[in-house]
Amino acid sequence: MASLRNAFKTNKAHRERHQPEARAHLGVLEKKKDYRERAKDFNNKKAALKGLHRRVLDKNPDEFYFHMIRSRMEDGEHIDTPKEEECTPEQLKLMQTQDLKYISHKRLVESRKIDKLQSQLHLIDAEKSNNHVFFVDTKEEAKNLDVAERLQTHPSLLSRKSNRPKLEDLKKMDLSKMLTNETAENVAEERMKSYRQLEKRIAREKQLMVAQQKMELKKMLRGKSDTKPVRITPGTKSTAPIYKWKAERKR
């Protein structure tokens with residue numbers, strides 16, 4: 001019977017009184033569970049403030065860590081400086097939708113087309129920063145220098161970077177068969193179109209090369225190795241990351 005009485009005692013509900021009618025204007029009477037939650041929240045905030053106060057007292061004025069220069073303040077909030085993306089959208093699309101063999105094949109096709117275009121154009125009319133220097137004996141000769149006479153060509157041909165015949169060659173030519181101005185402009189336009197196409201193909205071949213290098217590196221990183229490689233240089237949009245593996249003796 002004693003155990004039965006103890007069982008009834010443990011299941012007894014401890015009820016707390018409500019707010020008396022005379023104090024009803026003060027609101028709901030706080031219960032002990034409400035007080036415990038409020039006290040716990042207060043103590044947590046107090047401990048956090050105490051810890052922050054201790055960190056301020058123990059702070060080293062010469063302390064430095066990289067997040068100080070990799071973040072900035074905006075409207076009173078710390079915001080991390082965005083990192084430069086390692087891949088362009090085209091590279092990501094290639095790496096996510098195609099395999100390594102396809103990318104290496106497309107790169108080989110582009111390189112062959114580039115070689116074919118370069119063999120046809122020779123980059124004769126490309127922009128160059130070099131200058132043609134003439135040496136004379138006196139300042140008077142330098143002042144009265146006639147470039148067309150020195151190059152033995154016609155003055156209208158001085159602006160050409162290539163195909164600038166001399167006067168003796170012009171005398172031997174049949175001028176009636178030479179290209180008209182309109183035909184020459186069409187030829188120049190076609191040549192510039194080929195140059196633009198060559199420039200685009202070189203840029204695409206470079207993108208394919210970077211994507212191929214990144215995919216090959218990922219394949220190597222997935223391989224089984226006892227030691228983890230160390231990253232020397234992070235990757236960018238134009239270059240693949242550089243990793244260094246520990247030298248292992250092969251049997």
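## A walk through a predicted chain

Asp75 sits in the loop between E1 and E2. Keep in mind from the start that this is a predicted model. Asp75 is a good place to begin, since several features come together here. Its phi is near 55 degrees, a positive value in a residue other than glycine. Most residues other than glycine have a negative phi. Is Asp75 buried or exposed? Asp75 is exposed, because its relative accessible area is 82%, and the mark to pass for that label is over 50%.

**The hairpin around Asp75**

Now look at the two strands on either side of this loop. Strand E1 covers residues 71-74 and strand E2 covers residues 77-80. The two strands run antiparallel and are joined by 4 bridges. Together E1 and E2 form a hairpin, with 2 residues between them, and Asp75 is in the turn. If you would like one pairing to find by eye, try Arg72: its bridge partner in E2 is Ile79.

Arg72 also has a side-chain contact to look for. Its side chain meets that of Glu74 in a salt bridge, with 2.8 Å from N to O. Glu74 is partly exposed because its relative accessibility is 35%. Arg72 is partly exposed too, at 36% relative accessibility.

**The chain as a whole**

Let us step back for a moment. How many helices and strands are there in the chain? The chain has 8 helices and 4 strands. Reading from the N terminus, the order of the elements is α-α-β-β-α-α-α-α-α-α-β-β. The chain has 251 residues, and buried residues make up 13% of them.

**Salt bridges**

The count of salt bridges comes to 6. Here are three of them, including the one from the hairpin.

| Acidic partner | Basic partner | N to O distance |
|---|---|---|
| Glu74 | Arg72 | 2.8 Å |
| Glu205 | Arg107 | 3.1 Å |
| Glu110 | Arg201 | 3.2 Å |

The salt bridge between Glu205 and Arg107 has an N to O distance of 3.1 Å. This pair links distant parts of the chain: Glu205 belongs to helix H8 (residues 181-222) and Arg107 to helix H4 (residues 100-121), 98 residues apart. Glu205 counts as buried because its relative accessibility is 16%, and the label applies under 20%. Its partner Arg107 is partly exposed, with a relative accessible area of 25%.

Which residue forms a salt bridge with Glu110? The partner is Arg201, and the closest N and O atoms are 3.2 Å apart. Glu110 lies in helix H4 and Arg201 in helix H8, so this pair ties together parts that are 91 residues apart in sequence. Glu110 counts as buried, at 7% relative accessibility. There is also a small network to trace on the model: salt bridges with shared partners join Glu110, Arg201 and Arg204.

**More to see on helix H8**

Helix H8 appears again when we turn to the surface. Lys101, Lys218, Lys219 and Arg222 gather there in a patch of positive charge. Which element gives the largest share of the positive patch? That element is H8, with 3 residues. Arg222 is found in helix H8, and it is exposed, with a relative accessible area of 64%.

Lys206 is also placed in helix H8. At 45% relative accessibility, Lys206 counts as partly exposed. Lys206 and Ser238 are 32 residues apart along the chain, and their C-alpha atoms are separated by 8.0 Å.

**A nonpolar patch**

The last stop is a surface patch of another kind. Phe64, Tyr65, Phe66, Met68 and Ile69 form a nonpolar patch, and together they have about 550 Å² of accessible area. Where in the chain is Phe66? Phe66 is in the loop between helix H2 (32-57) and E1. Phe66 counts as partly exposed because its relative accessibility is 49%. From Phe66 you can follow the chain onward to strand E1, and so return to the hairpin where E1 and E2 meet.

Methods. Residues are numbered from 1 along each chain as its sequence is written. This is a predicted model: local features need pLDDT of at least 70, side-chain atom pairs count only at pLDDT 80 or more; totals for chains, interfaces and linings use all residues. Side-chain values use heavy atoms; hydrogens and water are left out. A salt bridge is a side-chain nitrogen of Lys or Arg within 4 Å of a carboxyl oxygen of Asp or Glu. Buried means under 20% relative accessible area, exposed over 50%, partly exposed in between (1.4 Å probe, protein chains only). Two strands pair if DSSP finds at least two bridges between them. Patches are made of residues with over 30% relative accessible area and no salt bridge: like charges are joined within 9 Å, nonpolar side chains (Val, Leu, Ile, Met, Phe, Trp, Tyr) within 5 Å. Accessible areas come from the Shrake-Rupley method with a 1.4 Å probe; for residues, only the protein chains shown count as cover. Lys and Arg count as positive and Asp and Glu as negative; His and the chain ends are not counted. The place of a charge is taken as NZ of Lys, CZ of Arg, CG of Asp or CD of Glu.
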